[in-house]
Amino acid sequence: MSDATLHATTQDPDSFAVQIADQVESFIVAVTEVAKGDEPDSAVPFLLLEVSQLLLAGGRLGAHEDIVPDERYEPDLGPEADVDELRERFARLLEPIDVYSEVFDPYEPRKAPVPCRISDDLADVVTDLRHGLAHYRAGRTTEALWWWQFSYFSNWGSTASAALRALQSLVAHVRLNQPLEALDGLDTDEDLTEDALEEEAGRVMIEELAGPLGLRDLK
């Protein structure tokens, strides 16, 4: 199924599959444009809006009854599209505020927060969404919906939710004029102890956010 077919007038625009596919494609296109870095001062609130809208689609998938694929085994889609460039673009764009603290499962007691990156989150979400979109464009609508629903529960739902909390926190700090403490060596590549993670929790941003969004280079 081509890009033109994705929006064909013969498809019911009110159908669940078309609406989900439209939201997925819209998110991928939008975040890819943001990653170009043409308007860095509007990147964070724009990402907040796009991730929020995507999670509406995720909520609809989550509330939907279990979707069963037509075939027992998933058809081979070939190699996955490379998202490293997208990840690197976001890492450069969000460098001062890319790393944040997250608890993977709020229902598991005494789990220490771990360092995550918004750039990694966005790239991982796009990977999952593209996989389902490839099925949809090939005419395998049920397979696409099954994949989006399954990966929403298993990966991209929690990943996008974590990124949303980080983005919302950034915008809130700027709008409420609440300075953020400096990032002091916290990195997703480090093997930090629980005590170290607890000490660093919440200290993943720069002290002041310049401009409308608070994005500036570290001194």
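**Figure 1. Thr32, at 28% relative accessibility, counts as partly exposed.** Buried here means under 20% relative accessible area, exposed means over 50%, and partly exposed is in between (1.4 Å probe, protein chains only). This is a predicted model, in which local features need pLDDT of at least 70 and side-chain atom pairs count only at pLDDT 80 or more, while totals for chains, interfaces and linings use all residues. Residues are numbered from 1 along each chain as its sequence is written, and side-chain values use heavy atoms, with hydrogens and water left out. To find Thr32, look in helix 2, which covers residues 16-35. Helices (H or I, at least four residues) and strands (E, at least two) are DSSP runs, numbered from the N terminus. Thr32 has a partner from further along the chain: Leu86 is 54 residues away in sequence, yet the two C-alpha atoms are 7.1 Å apart in space.

**Figure 2. Helix 2 meets helix 4 at a crossing of roughly 55 degrees.** The two axes come within 9 Å of each other. Each axis is a line fitted to C-alpha atoms, for helices over the stretch in contact, and angles run from 0 to 180 degrees between N-to-C directions. Helix 2 and helix 4 are therefore oblique to each other. The cut-offs are under 35 degrees for roughly parallel, over 145 for roughly antiparallel, 65 to 115 for roughly perpendicular, and oblique for the rest. The crossing of these two helices is left-handed, a label used if the near helix is turned anticlockwise from the far one by less than a right angle (clockwise gives right-handed).

**Figure 3. Helix 4 has a buried side and a face turned away from that side.** Which residues of helix 4 are buried? In this helix, residues 84-93, they are Leu86, Phe90 and Leu93. Seen down the helix axis, these buried residues fall within an arc of 60 degrees, so they line one face of helix 4; the arc is that of the directions from the helix axis to the C-beta atoms. Turn to the face away from the buried side and you meet the exposed residues Glu85 and Arg92.

**Figure 4. Helix 2 also packs with helix 3, at an angle of about 160 degrees.** Their axes lie 10 Å apart. That angle makes helix 2 roughly antiparallel to helix 3, and helix 2 passes helix 3 in a left-handed crossing. A good residue to pick out is Leu54, which sits in helix 3. At 2% relative accessibility, Leu54 counts as buried. Its C-alpha atom is separated by 6.9 Å from that of Val24, although the two residues are 30 apart along the chain.

**Figure 5. Glu74 lies in the loop between helix 3 (43-63) and helix 4.** Is this loop residue buried or partly exposed? Glu74 counts as partly exposed, at 33% relative accessibility. Follow the chain 73 residues from Glu74 and you arrive at Trp147, with 9.3 Å between the two C-alpha atoms. Trp147 is itself buried, with a relative accessible area of 14%.

**Figure 6. The structure holds six aromatic pairs, and two of them are described here.** Rings of Phe, Tyr and Trp (its six-membered ring) pair if their centres lie within 6.5 Å; planes under 30 degrees apart are stacked, over 60 edge-to-face, and the rest tilted. Trp147 and Phe150 form a tilted pair, 6.0 Å centre to centre with 50 degrees between the planes. Both lie in helix 6 (residues 141-175), three residues apart, about one turn of the helix. Phe150 is partly exposed, at 41% relative accessible area. Tyr152 and Trp156 have ring centres 5.1 Å apart and planes at 65 degrees, so this pair is edge-to-face. These two residues also lie in helix 6, four apart, again about one turn, and both are buried. Ring pairs also link Trp146, Trp147 and Phe150 into a cluster.

**Figure 7. Helix 5 and helix 6 cross at roughly 160 degrees.** The axis of helix 5 (residues 118-137) comes within 9 Å of that of helix 6. This makes helix 5 roughly antiparallel to helix 6, and their crossing is left-handed. Stepping back to the whole protein chain, there are seven helices and two strands, following the pattern α-α-α-α-β-β-α-α-α along the sequence. Of its 219 residues, 39% count as buried.
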